[in-house]
Amino acid sequence: MSHATKAAEFNKDEAKVNWHDKALWYVREKRDKSAHNVQGWEYLRQLGSNIKANVLSNLDEYLVQFEANAKNNGVHVHWASNAEEHNNIINDILSKHNAKKVVKSKSMLTEECHLNPFLESKGIEVVDTDLGERIVQLAQEPPSHIVLPAIHKTKEDVDELFQEHLGTKPSQGNPEYLVGEARKHLRDKFLNADVAITGVNFAVADTGGVVVCTNEGNADMGVHLAKAHIACMGIEKIIPQEKHLGVFLRLLARSATGQPITTYSSHFNKPEDGKEMHIVIVDNGRTEQLSREDFRASLHCIRCGACMNTCPIYRRSGGHSYDYTIPGPIGSILSPGKDLKKHSSLPFASTLCGSCSNVCPVKINIHEQLYKWRQVIVKEQKQPVVKKSILKTAGVVLSKPGLYRAAGKTARFMLKNAPRFMIYNKLNAWGKARDLPEVKGQNFDDWYKKRQKNG
Ligand code: SF4
């Protein structure tokens, strides 16, 4: 199903779409205020972008350095070239510990590798401990946003969900009550977990340590209570030195939620006495993306979600309409690299307004890459005949000023005089949900000429 078809489903509930749009715009505004309070914000963005470009150009060296330092710290390091290997490595570690209960803090990589269903098929209970993640897990849905996984759900939705799965009382969506109940439920899971799995926000090459950012402290709680910690990271999570965290931690939290700093920036460098720590370093298509010159900068991404919050298409179509682990503008660049056929509609789910590139903390040229994918897709894939002929005709009309003027005149006449059914019909997708603009008596060209004539 294309993005447009799925978005049409989401758009059926107008009130929810408006609320979703507003909620994300609120986060975008918070990001703006927070960013404007930092002197040299643009310099910081440039610095972040330069560090990431350096990492990608020397990735092999940094990864080897990171591995050596992590091993020196007593950490077990594993390499996975794809999702299957990643899942098998984790399953082997869990088997070694005879682990049947796992707590997991938010990790888009494990979502990407479909780790939960894989482990569940082996009889292992996996509990997502980030509140938003737990909500979508109970609803058996994928996250719809990388930072706010349950942003598509209202508090009333959560109330119903908790009544069904956690046996809570009806509370008309009382957030305090619901959070309190979630805390009790999760505390029990933490206390009984055998192993904790976390994602990784930053992996520091010169120390071999990893940093995990959460607002709920769930990564720390899981890791400190379980007997083993498995941290899963994509190869692009490397940063060269610990001092670079000062750049990225400031950029990440402000861009994600408008906070000056994430509540918990947890540093995991080595296992606690008597415990084990594992790091699984995953490729899963990243090397291939690195080899695509036009798209390699997409690997700068620090997963802040700002491009989603600002995108007018994402805000009004919802994350699930992208049908990919990472939705929104950045997901629309990453997904065609994974499966061009399946995700070919995503680079078109953009107005190319450039707002995503403007907010991106690591200065990824997102809208330009989306445009590049469009060029690749129209060359490689058969396009609908109607679309092709419309664009061909538009190309001819736009390249001949006389024809353009005549077409404009005819269109204005038709819009003014033709019966409504000739304008608003199946062929006019734009007119399905909105009225076309009111036609003025003259166009700009006529107005300008007249004005020149009259001095
Ligand atoms: S592309 Fe940029 S704005 Fe979007 S999630 Fe990644 S870092 Fe954030």
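Q: How much of this protein chain counts as buried?
A: Burial is a good place to begin. Of the 455 residues of the protein chain, 39% count as buried. Keep in mind that this is a predicted model.

Q: What do the overall dimensions tell me about how compact the protein chain is?
A: Start with the inventory: the protein chain has 22 helices and 10 strands. Its radius of gyration is 25 Å, close to the 23 Å that the globule rule gives for 455 residues, so the protein chain is as compact as a globular protein of that length. For the extent in each direction, take the principal axes: along them, the C-alpha atoms fill a box of roughly 90 × 55 × 45 Å.

Q: And what share of the contacts links residues 24 or more positions apart?
A: Here one looks at contacts with a separation of 6 or more in the protein chain; 73% of them come from residues 24 or more positions apart.

Q: Now the sheets, please. In what order do the strands of the 6-stranded sheet lie?
A: Read a sheet from edge to edge. This open sheet runs S1-S10-S7-S4-S2-S3, and its pairing is parallel. Strand S1 (76-80) and strand S3 (125-128) are at the edges with a single partner strand each, so one side of each has no neighbour in the sheet. From one strand to the next, the twist averages 20°.

Q: How many bridges join S1 to S10?
A: There are 5 bridges between S1 and strand S10 (residues 276-282), and the two run parallel. To find the register, look for a facing pair: His-78 stands opposite Val-280 in S10.

Q: Which strands does helix H5 lie across?
A: Helix H5 (residues 83-96) lies across S1, strand S2 (101-104), strand S4 (195-198), strand S7 (228-234) and S10. Relative to S10, helix H5 runs at about 170°.

Q: What is the strand order in the sheet of 4 strands?
A: The order is S8-S5-S6-S9 in an open sheet, this time with mixed pairing. Its edge strands, each pairing on one side only, are strand S8 (238-239) and strand S9 (264-268). Within the sheet, strand S5 (residues 202-204) and strand S6 (residues 210-214) pair in the antiparallel sense over 2 bridges. Ala-203 is the residue that stands opposite Val-210 in S6.

Q: How should I read helix packing, say where H2 and H12 cross?
A: Take the axes, then the residues. The axes of helix H2 (residues 14-36) and helix H12 (residues 245-257) come within 6 Å and cross at roughly 145°. On the H2 side, Val-27, Lys-30, Arg-31, Ser-34 and Ala-35 meet Arg-254, Ser-255 and Thr-257 of H12. Sorted by class, this contact has 2 nonpolar, 3 polar and 3 charged residues.

Q: Can we zoom in on a single residue? Why does Thr-310 count as buried?
A: The test is a count of neighbours, with 20 or more C-beta atoms within 10 Å needed. Thr-310 counts as buried because it has 25 C-beta neighbours inside 10 Å. Thr-310 belongs to helix H14 (residues 306-310). Setting aside neighbours within four places in sequence, Thr-310 is in contact with Arg-28, Ser-355, Cys-356 and Val-359. Pro-329 is 19 residues away from Thr-310 in sequence, and their C-alpha atoms are 9.6 Å apart.

Q: Finally, which residues come nearest to the ligand?
A: Among the 15 residues around the ligand, the nearest are Cys-301, Cys-304, Cys-307, Ile-330 and Cys-360. As for the character of the shell, it has 12 nonpolar, 2 polar and 1 charged residues.

Terms used:
Residues numbered from 1 in each chain as written. Predicted model: local features only at pLDDT ≥ 70, side-chain atom pairs only at ≥ 80, totals over all residues. Buried ≥ 20, exposed ≤ 12 C-beta atoms within 10 Å, placed from the backbone. Contact = placed C-beta atoms within 7 Å. Pairing = 2+ DSSP bridges. Rg over C-alpha atoms; globule rule 2.2 N^0.38 Å. Near = placed C-beta within 6 Å. Nonpolar A, V, L, I, M, F, W, Y, C, P; charged D, E, K, R; others polar. Axes fitted to C-alpha atoms, helices over the stretch in contact; angles between N-to-C directions.
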